Amino acid sequence: MTRILSFAFLAGLLSLAAACGGSSDDAAPEADSAATAETAPAAAEPQTETAPQATMAAAPKPEPGSGADIFAKQCSWCHAPGVDHPGTMQLGATRGEDFAVLEEREDLNADYVKYIVRHGLNAMPPFKPTAITDAELDKLANYLAAAD
Amino acid sequence: MAAPLPEGVSAEAMSSALDRFARIVGADWVFTEDKITPYEDPYTISNDETEHRPYAAVAPASTEEVQEIVRVANEFGVPLWPVSRGKNFAYGGAAPVMSGTVVLDMNRMNRILEVNEEFGYALVEPGVSYFELYDYIQEKGLKLWIDVPDPGWGSVVGNALDHGIGYTPYGDHFAMQCGMEVVLPNGEVVRTGMGAMPGNNTWQLFKYGYGPYVDGIFSQSNFGVVTKMGIWLMPEPAGYRPYLITFENEDDIETVTERLRPLKVAGVIQNGATVRSLVLDAAITRTKSQYYDGDGPIPPSVAKTMMADLDLGMWNFCGALYGPPPVMDTLWTAIRDSFADIPGVKFYFPEDRRHKVDLLLHRAETMKGVPKLTEFNFLNWDGGGGHVGFSPVSPITGKDAIKQYNMVSSRVREYGFDYMGLLAIGWRDLHHVTVIVYDKTDPDERKKLDELFNILVDEAAAEGYGEYRTHIRYMDRIAKTYSWNDNALWKMHETIKDALDPNGILAPGKSGIWGKNRRKA
Ligand SMILES: Cc1cc2nc3c(=O)[nH]c(=O)nc-3n(C[C@H](O)[C@H](O)[C@H](O)COP(=O)(O)OP(=O)(O)OC[C@H]3O[C@@H](n4cnc5c(N)ncnc54)[C@H](O)[C@@H]3O)c2cc1C
């Protein structure tokens, strides 16, 4: 305990130094343990694990109102790559890695996307026509159906 | 199955009201039949398809449209269920208590009317989500933080009105609310506090105004439709340091809670800190099948494996330090010293964590008000996708914490579910939120859950514990547990209800409050 304690405290002081330097971002640990990757294959930790904010800031901004933009604003919180996104985690665990990331899938058709958005699936609640309008849903569905 | 009409409303009256609504908001913004699915409770508990079903939804774009809708509702006796973004998942989503009620969906009223950096507040409409307010502040580069509940897609207004909680120092959302605009059930509009004074400029600065302080009666109630709300925002602190303290044994919750109380009451723990249980936290990054494929709750041996694997404890205390570095250092010393002698305790900062997807790294964002949806991962635990929250309140004492934990966890496990709970530490109380994750597609499991939930409510009440908030299905039952002096408080609510809403058109049954037209003896 003492070891962890003192290490933790020291690390805290270091992060504090970083904070003084003007960055309020949380430092991310560098590497993951191989042991976990073995015990938890479905969790697929090697995937991109940056927070959605960071992902969105780093990627080029999609054209406002486009399918990609609607996806980024409405869907990416759960469906961006990385198991810290519940949709991605669930799809990875139940359907396998090839089906985990919606934007990378080639098997989605527009009607299916529309149905799921309005009805929900599993833990995913449905989206109201005031949150994603029918016109927006068309663009979103076409975007995902065309994605490869 | 088509949704039933509300009790006492004819098909003609409903259809005339919907026509009039369409004239107010435009036909595109009235939803019926197959368009109504998104307004139903996605995590339904009832096996009776006629329960808690909305008949239609109407989506106004302004306070004036809300006023007109409310007047029409009175004319035809059509009940309305107001929601801001209607993301109240685990408590019913956008669905009403009474079937046939028309959802008044305020998603389109999503203007951020003001964000004031100097004083730290925002004035928003009901449709503004945490994501939107956060983005607005980031885009403008304002040195302000928001406080978020776990789901970032909820509404600042709706969450505060349902007494929602978050995890920064501003985590008690309704306490941070200042000034409202409310459409009353007769269509009249009022502004509360200083907002009642023409030409006044302290509406979002001083809550009480002059005379009775009424904002509270519009929360968890059906006395008005809130169309604007002020919310205080925290200035970005000079420093931020999230931490995680893990405890190995189930029984540690008693000592931990005893140690927490003086720290919280004295303000040494600054934020809406939480003590979370192992399975809840494991479920943020893993699914049950990765550890256990048997039936029922995970056995203790598996719990041990999970703890070692994920660097978690049986209990995990997530908190954060805020302020200038010397202040954080001093607070940390006091916090660390309070727990250091508990056998097996471990202290972590984000840098100490082994896994890249990790509880502390996730909570570190939430405790600084970054909206996200990661917490939905725990719904994936068992694959069934359903979730309901059981949330009794108790004092911050070791005795109450262990008693609560034993009562709830033993029942939950008896019914075959894993115990997934958290103690959210408030100013003086703790909300013991137990999330029950169930297979929403399985009628037997839903029935079992319903039975369990009723038992939990009754057993808690028998020991003097009341829920702070609930799912639409249990509103009456919980109201009945607040029965001191022959239900005097609920009788008072009914008096107010009858004065403000004589036709009982607003949210029948919300918090167990019914208009006189539908009140059961
Ligand atoms: C995985 C998960 C995690 C969660 N974590 C949290 C958490 O950390 N903290 C928390 O507080 N909740 C939590 N919740 C519960 C819930 O999802 C959130 O509280 C959410 O913010 C509520 O939805 P909303 O903000 O859209 O409110 P709404 O659904 O719009 O409103 C909630 C209720 O308030 C009333 N109401 C809303 N707007 C008005 C209005 N304008 N006038 C009058 N009455 C109104 C209505 O009765 C309505 O049903 C969680 C749920 C899930 C599934």
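In chain B, the side chains of B:Arg473 and B:Asp450 meet in a salt bridge, with 3.0 Å from N to O. This pair links distant parts of the chain: B:Arg473 sits in the loop between helix H11 (443-462) and helix H12 (475-481), while B:Asp450 belongs to helix H11, 23 residues apart. B:Arg473 counts as partly exposed because its relative accessibility is 23%. B:Asp450, at 16%, counts as buried. Please keep in mind as you read on that this is a predicted model.

**Helix H11 and its surroundings**

Let us stay with the helix that carries B:Asp450. H11(B) has 20 residues and reaches 29 Å from its first C-alpha to its last, close to the 28 Å expected at 1.5 Å a residue. Its buried residues include B:Leu449, B:Leu452, B:Phe453, B:Leu456 and B:Val457. Charged residues are on that list too, among them B:Glu445, B:Arg446 and B:Asp450. What do the buried residues of H11(B) pack against? Their partners are S16, H10, strand S19 (429-439) and H12 of chain B.

**Helix H10**

One of those partners, H10, deserves its own look. Helix H10 of chain B covers residues 398-414, and its 17 residues should span 24 Å at 1.5 Å a residue; the end C-alpha atoms are 24 Å apart, so the two values agree. Buried residues of H10(B) include B:Ile402, B:Tyr405, B:Met407, B:Val408 and B:Val412, together with B:Asp400 and B:Gln404. After the helix comes B:Gly416, whose phi is positive, near 90°.

**More salt bridges**

Side chains of opposite charge can pair when their charged atoms come close. Over all chains, a search of the whole structure finds 38 salt bridges. Three pairs from chain B are set out here.

| Pair | Closest N and O atoms |
|---|---|
| B:Arg53 and B:Glu40 | 2.9 Å |
| B:Arg473 and B:Asp450 | 3.0 Å |
| B:Asp382 and B:Lys288 | 3.9 Å |

Take B:Asp382 and B:Lys288, which form a salt bridge with their closest N and O atoms 3.9 Å apart. B:Asp382 lies in the loop between helix H9 (359-366) and strand S16 (385-390), and B:Lys288 in the loop between helix H6 (278-282) and helix H7 (300-310), so the pair ties together parts of chain B that are 94 residues apart in sequence. B:Asp382 is partly exposed, with a relative accessible area of 47%, whereas B:Lys288 is buried at 4%.

The salt bridge of B:Arg53 with B:Glu40 has its closest N and O atoms 2.9 Å apart. Both residues lie in the loop between strand S1 (30-32) and strand S2 (56-58) of chain B, so the pair ties together parts that are 13 residues apart in sequence. B:Arg53 and B:Glu40 are both buried.

Salt bridges also join into a network, which links B:Asp150, B:Arg276, B:Asp281, B:Arg363 and B:Glu375.

**A buried charge without a salt bridge**

B:Glu65 is found in helix H2 (residues 63-76) of chain B. Which side chain of opposite charge is nearest to B:Glu65? That is B:Arg108, 4.5 Å away; B:Glu65 is buried yet has no salt bridge. Leaving aside its neighbours within four places in sequence, B:Glu65 is in contact with B:Ile24, B:Val25, B:Pro60 and B:Arg108.

**Two aromatics in one loop**

The loop between S9 and S10 of chain B holds B:Phe218, and B:Tyr208 is found there as well, between strand S9 (189-191) and strand S10 (225-232). Is B:Phe218 buried or exposed? B:Phe218 counts as buried because its relative accessibility is 7%. Not counting residues up to four places away in sequence, B:Phe218 touches B:Leu161, B:Met180, B:Val182, B:Leu184, B:Phe223, B:Gly224 and B:Val226.

B:Tyr208, in turn, counts as partly exposed at 46% relative accessibility. Together with B:Phe119, B:Leu205, B:Phe206 and B:Tyr213, B:Tyr208 forms a nonpolar patch on the surface, with about 500 Å² of accessible area in total.

**Chain A**

Chain A has 7 helices and 0 strands, giving the pattern α-α-α-α-α-α-α along the sequence. Of its 148 residues, 46% are buried. Among contacts in chain A with a separation of 6 or more, 48% come from residues 24 or more positions apart. The accessible surface of chain A comes to about 7400 Å², and carbon and sulfur atoms account for 60% of that.

Definitions and conventions:
Residues are numbered from 1 along each chain as its sequence is written. Chains are lettered from A and ligands numbered from 1 in the order in which they are written. This is a predicted model: local features need pLDDT of at least 70, side-chain atom pairs count only at pLDDT 80 or more; totals for chains, interfaces and linings use all residues. Side-chain values use heavy atoms; hydrogens and water are left out. Helices (H or I, at least four residues) and strands (E, at least two) are DSSP runs, numbered from the N terminus. The expected span of a helix is 1.5 Å times one less than its number of residues. Buried means under 20% relative accessible area, exposed over 50%, partly exposed in between (1.4 Å probe, protein chains only). Contact means heavy atoms within 4.5 Å. Accessible areas come from the Shrake-Rupley method with a 1.4 Å probe; for residues, only the protein chains shown count as cover. Patches are made of residues with over 30% relative accessible area and no salt bridge: like charges are joined within 9 Å, nonpolar side chains (Val, Leu, Ile, Met, Phe, Trp, Tyr) within 5 Å. A salt bridge is a side-chain nitrogen of Lys or Arg within 4 Å of a carboxyl oxygen of Asp or Glu. Lys and Arg count as positive and Asp and Glu as negative; His and the chain ends are not counted.
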